[in-house]
Amino acid sequence: MGLAALVAPVLSVPPATAGPAPSPSRHAARPWDAYNLSPRTRTVRPVAIYNTNGTVTDPSAVLKGRRTRLTGAGSYVTLDFGKDVSGLVTLHFAASDGAQRVGLAFNESPDYVGTNSDTSTGGPRSRDGVLYADVNGATTYTMPAQYLRGGFRYLTVFLDSAGSVDLDRASLHFTAAPTMKHPADYANHFYSSDPLLNRIWYAGAYTMQLNTIDPKTGRVWEPPAALWDNTGDVGVGDTILVDGAKRDRTVWPGDLGIEIPAAYAAFGDTVSARNALTTVYQHQKDTGELPYSGPMMNKYGSDTYHLWTLSASYDYYRYTGDTAWLASVWDAYKHGVDYSTAKVDANGLLSITGTGDSVRILAKGENLIANVLLWRVLSTGSELATVRGDTALAASYASRAAALRTAIDANFWDDAAGAYKFYPTSTIHPQDGNALAVWYGLAGQDKAQRISAVLKGNWNDVGSTAPENKGNPGVFSGSMEVNAHFAAGGQAADQAGVDLIRRQWGYMLTSPHGTQSTFWESYRAGESCVFCSTYVSLAHGWATGPTPALSFYVLGVAPDSPGGRTFHFVPHPADLTFTEGRITTEYGPVDASWRVDHGAFRARLTAPRGTTGRAGVPTFGGKVRVFVNGRLAWTGTRATAYGAHADGDYVYLEGLRAGHYTITSERVGER
């Protein structure tokens with residue numbers, strides 16, 4: 001039986017109506033470079049003219065270093081950078097009709113392009129206003145650093161006086177990912193038989209890059225009385241993960257649950273994650289409470305975001321094995337765990353009192369996602385305590401995790417619905433808590449696959465929806481759901497994961513309302529407006545869940561022990577025919593590729609020195625023989641090498657040490 005017969009049909013996503021398409025590869029041997037959206041240098045120039053107004057002579061001339069003339073107040077030209085960008089603009093005017101004043105307005109979505117900028121300050125004003133440049137003859141204007149613009153695709157240059165100006169050059173100094181010497185030089189890559197998935201992986205990576213900033217360029221809070229101010233000190237180090245490019249440009253711990261895996265999958269960047277987590281721990285209260293958001297906002301009052309910091313701490317340690325950092329935050333980590341476990345009630349459940357959360361205020365009480373997060377913190381905290389040499393605490397955390405899991409199943413699980421409830425007495429089965437229960441492994445395989453099917457039932461034409469958030473499309477929770485489908489296991493769930501990425505992230509990437517290069521904080525469906533606010537960030541880190549999902553599950557490579565000393569290579573092919581890629585561990589890069597042809601599987605793996613890998617060969621529901629470098633390792637019923645064993649879905653190979661491997665399978669009876 002061929003692979004196509006084993007999977008569901010592929011959702012068709014319409015092509016983008018505008019925006020950048022993959023260009024020919026810069027290197028024939030690296031076809032994935034065609035999808036990379038990051039600039040190769042820090043100087044970025046507009047690529048098109050979006051529109052004009054009033055009297056504009058030769059609008060496209062400025063793109064070629066020639067003169068575009070604006071004449072008369074209100075005349076403007078909107079420059080299109082072809083993708084969301086971040087940084088400081090420089091304009092050069094070749095001439096003017098006396099002293100003139102020119103305005104600059106910045107917008108992410110074409111829905112709001114005009115002579116006013118999007119909203120980024122969070123203050124009472126509905127829009128940010130504009131910058132003004134005084135032009136008198138040949139003039140060069142560069143935006144002051146204070147007014148760095150974190151995310152925009154469109155720059156509208158307009159004349160605010162009655163004469164004329166000749167604009168002949170426009171450029172941007174790209175400020176994202178400040179410690180990367182060459183922004184397009186990624187440590188890792190992903191490439192598959194599906195061009196849309198390739199575009200999505202790289203758009204997610206680029207979104208993460210725009211949300212990796214110099215900590216001295218965060219948003220100032222409280223909001224300034226006029227314009228905006230991005231000179232806020234939002235954390236330690238020289239690079240840090242923040243929630244949004246345009247705004248808030250602040251560390252929000254919930255976002256780190258998606259951002260840390262995404263930054264690692266794309267760039268091998270863990271330093272930005274460490275700095276974000278360190279910043280949050282530095283602002284822990286004496287009670288043990290961790291911030292809802294980092295400086296300069298310094299908000300508190302969220303039991304879930306408190307737990308996200310503790311959970312994300314394990315992610316950072318798993319990717320790095322950084323025992324020195326773990327030691328530096330260990331007392332704060334334990335204090336944070338105690339803060340949460342003190343709220344466990346007579347039912348054995350965490351009853352939240354800090355109700356701040358991602359897209360809504362939660363009700364007090366026994367909430368599902370808070371309890372799933374606490375379970376993960378206790379489970380992974382047991383591992384961290386073992387690393388710290390505290391065996392008694394490790395056993396205590398593990399025991400409490402087991403008790404909490406029993407309480408969650410007893411109070412939240414709705415067997416008739418096949419999913420967990422929002423609160424024990426609720427009729428809502430939330431996207432976020434159910435997705436996390438599967439992704440993080442709280443739900444066993446039977447429950448996980450039932451939840452996967454229930455979540456798929458919440459999809460609409462433009463993505464997944466969150467019943468706990470009035471049925472709006474879930475983006476943060478959707479990132480959780482994508483990973484949950486793959487974690488659930490089985491061909492149907494794998495296909496659901498791929499189909500959801502195509503449906504929801506394909507929609508965001510190709511929508512004419514977006515940047516066609518980055519993923520959004522939120523959006524609406526079935527209304528006259530997609531965003532309904534210029535304050536919505538269109539390059540938001542919590543929307544990047546498909547990037548690590550495609551690397552860790554579809555390609556199938558991820559670390560299993562701190563720093564990647566052990567790793568696995570277990571592909572989830574769905575309906576793809578090939579995939580190749582890399583993740584970079586503390587020991588070096590792991591390169592992998594696989595190809596499927598009528599149920600036969602062929603893979604290549606290169607493991608760095610000091611590591612040991614575990615590979616999984618999909619069986620596609622049949623009995624297969626497996627060969628490693630031409631040597632029979634699995635006969636279809638028993639092992640002959642590499643400790644091979646099977647579970648029905650995969651044949652697993654153990655102990656793949658440093659070196660190069662070719663792994664193949666064939667159906668039993670084909671020879």
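**Exercise 1. Place E222 and describe the peptide bond before it.**

Step 1. E222 sits in the loop between β10 (212-213) and β11 (240-241). Strands (E, at least two residues) and helices (H or I, at least four) are DSSP runs, numbered from the N terminus. This is a predicted model, where local features need pLDDT of at least 70, side-chain atom pairs count only at pLDDT 80 or more, and totals for chains, interfaces and linings use all residues. Residues are numbered from 1 along each chain as its sequence is written, and side-chain values use heavy atoms, with hydrogens and water left out.

Step 2. Look at the bond between W221 and E222. It is a cis peptide bond, with omega about 10°.

Step 3. Stay in the loop between β10 and β11, where L227 also lies. Phi of L227 is near 55°, a positive value in a residue other than glycine.

**Exercise 2. Find a cis peptide bond ending at D248, and a positive phi at A574.**

Step 1. D248 lies in the loop between β11 and α2 (253-267). The peptide bond from R247 to D248 is cis, and omega is near 10°.

Step 2. Move to A574, in the loop between β17 and β18 (578-585). Its phi is near 50°, positive although A574 is a residue other than glycine.

Step 3. Is A574 buried or exposed? A574 has a relative accessible area of 6%, so it is buried. Buried means under 20% relative accessible area, exposed means over 50%, and partly exposed is in between (1.4 Å probe, protein chains only).

**Exercise 3. Work out how α4 and α5 pack.**

Step 1. Take helix α4 (residues 303-320) and helix α5 (residues 323-341). Their axes come within 11 Å and cross at roughly 150°. Axes are lines fitted to C-alpha atoms, for helices over the stretch in contact, and angles run from 0 to 180 degrees between N-to-C directions.

Step 2. Classify the angle. Under 35 degrees counts as roughly parallel, over 145 as roughly antiparallel, 65 to 115 as roughly perpendicular, and the rest as oblique. The two helices α4 and α5 are therefore roughly antiparallel to each other.

Step 3. Give the handedness. The crossing of α4 past α5 is left-handed. That label applies if the near helix is turned anticlockwise from the far one by less than a right angle; clockwise gives right-handed.

Step 4. List contact residues, with contact meaning heavy atoms within 4.5 Å. From α4 they include D303, H306 and L307, and from α5 they include T323, W325 and L326.

Step 5. Sort the contact by class. It divides into 9 nonpolar, 5 polar and 1 charged. Here Ala, Val, Leu, Ile, Met, Phe, Trp, Tyr, Cys and Pro count as nonpolar, Asp, Glu, Lys and Arg as charged, and the others, Gly among them, as polar.

**Exercise 4. Describe D315 and its neighbours.**

Step 1. D315 is in helix α4.

Step 2. The relative accessible area of D315 is 3%, so D315 is buried.

Step 3. Leave out residues up to four places away in sequence. D315 then touches I260 and R376.

**Exercise 5. Compare two packings that involve α12.**

Step 1. Helix α1 (residues 195-210) packs on helix α12 (residues 546-555) at about 125°, with the axes 8 Å apart. These helices, α1 and α12, are therefore oblique to each other.

Step 2. L197, I200, W201, G204 and A205 in α1 meet P546, T547, L550 and S551 in α12. By class, this contact has 6 nonpolar, 3 polar and no charged residues.

Step 3. Turn to helix α10 (residues 476-488). Its axis and that of α12 come within 9 Å and cross at roughly 10°. Helices α10 and α12 are therefore roughly parallel to each other.

Step 4. S479, V482, N483, F486 and A487 in α10 meet P546, A549, Y553 and V554 in α12. The classes here are 7 nonpolar, 2 polar and no charged residues.

**Exercise 6. Find the disulfide and describe its link.**

Step 1. A disulfide is a pair of cysteine sulfur atoms within 2.5 Å. The count comes to 1 disulfide.

Step 2. Which residues are joined by a disulfide? C529 is joined to C532, S to S 1.7 Å.

Step 3. The link of C529 and C532 is right-handed, with 90° about the S-S bond.

Step 4. C529 is partly exposed at 25% relative accessible area, and C532 is partly exposed at 28%.
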